[in-house]
Amino acid sequence: MNRLPQPPPRAKLFQFDWREMFNENTSYKLVALCVTLILWVTILGRRDFSVAREMEIEYLLPGHLIMTHEVPRRLQVTVAGPRMAIKKFQSRNAPLVVDLSHAVVGRSIVRLGEEQLDLPFGAKVMKIDPEEFYVTLRQAQPGERHDGR
């Protein structure tokens, strides 16, 4: 009887032992899993809080100019962020300072933004009301008082 030649046995080079993969370095894998779960719960479980607060506006004017009409003296700011950042924001009582010291005579638009607020790390402005308004400045007469507040 003539036998056909058998193919050589498959090399174990391309075989993978799954059991060995799960059983090696088990303690490291458990620690990595725990760290991953803790980070996942911490990051996904973080809630941002928001708060609306009324703030005073203070204007810095050059000595020779005055405002010709009423401008907003208060603004409403809505801020969102982590609880600690919101607490820090609420505890600050400093007014929002609008620097018009380089303004010229005439009508100018004032835009209020996040960069003018002294916000704690992690807090972000959601809304400012009013966000912009007009200021008209004119030369002050001798003895005329200007008040930036």
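## The central sheet

Four strands come together here as an open sheet, in the order β4-β1-β3-β6, with mixed pairing. Which strands stand at the edges? They are β4 (96–99) and β6 (124–129); each has a single partner strand, so one side of each is left without a neighbour in the sheet. From one strand to the next, the twist averages 35 degrees. Keep in mind as you explore that this is a predicted model.

A little background helps with the word "mixed". Strands of a sheet pair through backbone hydrogen bonds, and they can do this in either a parallel or an antiparallel way. Let's walk through the pairs one at a time.

## Strand by strand

Start with β1 and β4, which pair in the parallel sense over four bridges. To find this pairing in the structure, look for Y59, which stands opposite V98 in β4. Next, β1 and β3 run antiparallel and are joined by eight bridges. Here a handy landmark is A52, standing opposite T78 in β3.

Finally, β3 (residues 74–81) pairs with β6 in the antiparallel sense, over five bridges. Which residue of β6 is the bridge partner of V77? That partner is I128.

## A helix across the sheet

Now turn to helix α3, made of residues 83–91, which lies across β1 and β3 and runs at about 30 degrees to β1. Its buried residues are A85, I86 and F89. These cover an arc of only 100 degrees around the axis, which puts them on the same side of α3. What covers them includes β1 and β3.

The face turned away from that buried side has another character: it carries the exposed residues R83, M84, K87 and S91. A general rule is useful when you look at any such helix: an α-helix has 3.6 residues a turn, so residues three or four places apart point the same way.

## Rings and charges

How many aromatic pairs does the structure hold? There is one. Its rings belong to Y59 and F133, with centres 6.3 Å apart and planes at 85 degrees, so the pair is edge-to-face. This pair links distant parts of the chain, with Y59 in strand β1 (residues 49–60) and F133 in strand β7 (residues 132–139), 74 residues apart. Are Y59 and F133 buried or exposed? Both are buried.

Y59 is worth remembering, as this residue also stands opposite V98 in β4.

Two arginines have their charged ends over rings. For R53, the charged end sits over the ring of F89, 5.0 Å from its centre. F89 is also one of the buried residues of α3. For R107, the charged end sits over the ring of Y134, 3.8 Å from the ring centre.

## The whole protein

Stepping back, the protein's secondary structure comes to three helices and seven strands. Starting at the N terminus, the elements run α-α-β-β-β-α-β-β-β-β. Try tracing this order along the chain with your finger!

The protein has 149 residues, of which 25% count as buried. Contacts across the chain add to the picture: of those with a separation of 6 or more, 74% are accounted for by residues 24 or more positions apart. The ring pair of Y59 and F133, 74 residues apart, links distant parts of the chain too.

Methods:
Residues are numbered from 1 along each chain as its sequence is written. This is a predicted model: local features need pLDDT of at least 70, side-chain atom pairs count only at pLDDT 80 or more; totals for chains, interfaces and linings use all residues. Side-chain values use heavy atoms; hydrogens and water are left out. Rings of Phe, Tyr and Trp (its six-membered ring) pair if their centres lie within 6.5 Å; planes under 30 degrees apart count as stacked, over 60 as edge-to-face and the rest as tilted. Helices (H or I, at least four residues) and strands (E, at least two) are DSSP runs, numbered from the N terminus. Buried means under 20% relative accessible area, exposed over 50%, partly exposed in between (1.4 Å probe, protein chains only). A charge sits over a ring if NZ of Lys or CZ of Arg is within 6 Å of the ring centre and within 35 degrees of the ring normal. Two strands pair if DSSP finds at least two bridges between them. Axes are lines fitted to C-alpha atoms, for helices over the stretch in contact, and angles run from 0 to 180 degrees between N-to-C directions. Contact means heavy atoms within 4.5 Å. The arc is that of the directions from the helix axis to the C-beta atoms.
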